[in-house]
Amino acid sequence: MSLPSLDVDVLVVGGGAAGLTAASRLALNGRSVAVASSATPATALSTGRILLDVDDPAAEEWASFTLAQFRRQGAYYVMSKKPVVAMTNLGTRMRQSITSPLFDWTRTDRNVAVVGFIGNCDLDPDLVAREVGRSRRARPRPYWFSPSYSPELDRDLFVEELGRALMQDVSEETVVLPPMPQRSPYDIMAELRKRSGKNVVEAATPLSWPGRRLQSLLEGVAARLGVTLLKDRRLASIQLDGGEASAAQLSSGGRSQRVDFNALVLATGNVTSGGLAVEGRDIVDPLGIFQVASSPASGIASRHLLSALSSGMVTRDGKAVTRQGSTLRNVIPVGSLVRGMSYPLGRGLGDVVLQAWKAALVAEDAL
Ligand SMILES: Cc1cc2nc3c(=O)[nH]c(=O)nc-3n(C[C@H](O)[C@H](O)[C@H](O)COP(=O)(O)OP(=O)(O)OC[C@H]3O[C@@H](n4cnc5c(N)ncnc54)[C@H](O)[C@@H]3O)c2cc1C
């Protein structure tokens, strides 16, 4: 069974931070773009904290475009030229350039309460207090709160109860909470601040809401620019004619879909997202077309894991190279799929978005 075929200027495969960034820039420049993606991207599993190379002129350009688009969706972030050292839910530090008043819990805050919700494992206040207390004199104070209401189902009652508890029982000025399970938590946080009179912030937490929110905002940017988002589509094959690609076959369950294009942007992520596959001791492109190699990296004790995580597609002038060594004129790999762009967990978003932002122009040149 077939899904309706499509014909676009650019097909982007992979809808994480890289694919959506490249797609949005191409759509902004008037190109017709479809993004096909098969599963949850690493972007949605991350803490959503972005550290940019602010010396790269693309950083200012990407941030002013993207953050303006985020604001149109009700999310307020700013770019800080000097990285802000924020604390994670484990009490470790994380540098970030894109910040929001919701996340601004930093090492310089002296008077901090960390509030865990019983039954919610995103934030353990005792652990945070212990870890942070090791590295500085003023240890945050742990609190446990047992909400009678759900922030999703009984939003108003939840806010009223928690706001009252924070005002009555917590003496500190800054209060760190587990992430709110909302795509758009900004009004809840603002109301909690108003009711409690405190600087209420969310903990930076991977595998939780902050990453999903970033993903959803990036999808919102692309959708508003007219990008067609094809969910649950796996790239099954690419039609190659001479030195270029002309069409792709996508699969979704038992159905298939043909997409014709003038340029193909590959943003399928690294080995953790399925953009690359393990074959014996090697990391390979699952379609068997492209050249893959690892790049020097450090930070992980296991040699094999390090080699897997630092592997990526080889590029020449920003374009994909086949296993046989020839360059494909209109196939542009972006993001953590590219050699040198894939890192051990916990970093990468900033480099990925800037590389994809610039690579969109390489894709345009190929049209
Ligand atoms: C737990 C965790 C925490 C992290 N925390 C941070 C952090 O705090 N800060 C930071 O900077 N970085 C962090 N990272 C790294 C960061 O998330 C990645 O560098 C970044 O999200 C990669 O973006 P990407 O678009 O290249 O790939 P992804 O976001 O992985 O997107 C790739 C997409 O392509 C899809 N795909 C793969 N194969 C196919 C196919 N054949 N057909 C169709 N679609 C396909 C995948 O399903 C996926 O949706 C973290 C990563 C993880 C896993």
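How many aromatic pairs does a search of the whole structure find? Four of them turn up, a pair being two rings of Phe, Tyr or Trp (its six-membered ring) with centres within 6.5 Å. Before you start clicking, note that this is a predicted model, where local features need pLDDT of at least 70 and side-chain atom pairs count only at pLDDT 80 or more, while totals for chains, interfaces and linings use all residues. Residues are numbered from 1 along each chain as its sequence is written, and side-chain values use heavy atoms, with hydrogens and water left out.

**Stop 1: the rings**

Select Phe 70 and Tyr 77. Their centres are 5.8 Å apart and their planes make 65 degrees, an edge-to-face pair; planes over 60 degrees apart get that label, those under 30 count as stacked and the rest as tilted. Both Phe 70 and Tyr 77 are buried, meaning under 20% relative accessible area, with exposed being over 50% and partly exposed in between (1.4 Å probe, protein chains only).

Now pick Phe 117 and Phe 158, another edge-to-face pair, at 5.9 Å centre to centre and 75 degrees between the planes. This one links distant parts of the chain: Phe 117 is in strand β5 and Phe 158 in helix α5 (residues 155-169), 41 residues apart. Helices (H or I, at least four residues) and strands (E, at least two) are DSSP runs, numbered from the N terminus. Phe 117 is buried at 6% relative accessible area, and Phe 158 is buried at 0%. Add Phe 145 to the selection, and you have a cluster of Phe 117, Phe 145 and Phe 158 linked by ring pairs.

**Stop 2: the sheet**

Show the strands in the order β6-β5-β7-β8: this is an open sheet of four, with parallel pairing. Two strands pair if DSSP finds at least two bridges between them. The edges are β6 (141-145) and β8 (199-202); each has a single partner strand, so one side of each has no neighbour in the sheet. From one strand to the next, the twist averages 25 degrees.

Zoom in on β5 (residues 112-117), which pairs with β6 in the parallel sense over five bridges. Select Ala 113 and you'll find its bridge partner in β6, Arg 141. Next, bring up helix α6 (residues 186-196), which packs on the sheet and touches β7 (174-177) and β8. The direction of α6 makes about 150 degrees with that of β8; axes are lines fitted to C-alpha atoms, for helices over the stretch in contact, and angles run from 0 to 180 degrees between N-to-C directions.

**Stop 3: helix α7**

Select residues 209-224. At the start, the charged end of Arg 212 sits over the ring of Trp 209, 4.3 Å from its centre; that takes NZ of Lys or CZ of Arg within 6 Å of the ring centre and within 35 degrees of the ring normal. Of the 16 residues in α7, 12 are buried, among them Leu 214, Leu 217 and Val 221.

Which residues does Ser 216 contact, beyond its neighbours within four places in sequence? They are Gln 73 and Arg 183, contact meaning heavy atoms within 4.5 Å. Ser 216 lies in helix α7 and is buried at 16% relative accessibility. After the helix comes Gly 226, with a positive phi near 90 degrees.

**Stop 4: helix α9**

Finish with α9: 12 of its 17 residues are buried, so the helix is largely enclosed by the rest of the structure. Try selecting some of those buried residues, including Trp 357 and Leu 354. The buried residues of α9 pack against α1 (17-28), α2 (42-45), α3 (57-72), α7, β12 (255-266) and β19 (331-333).
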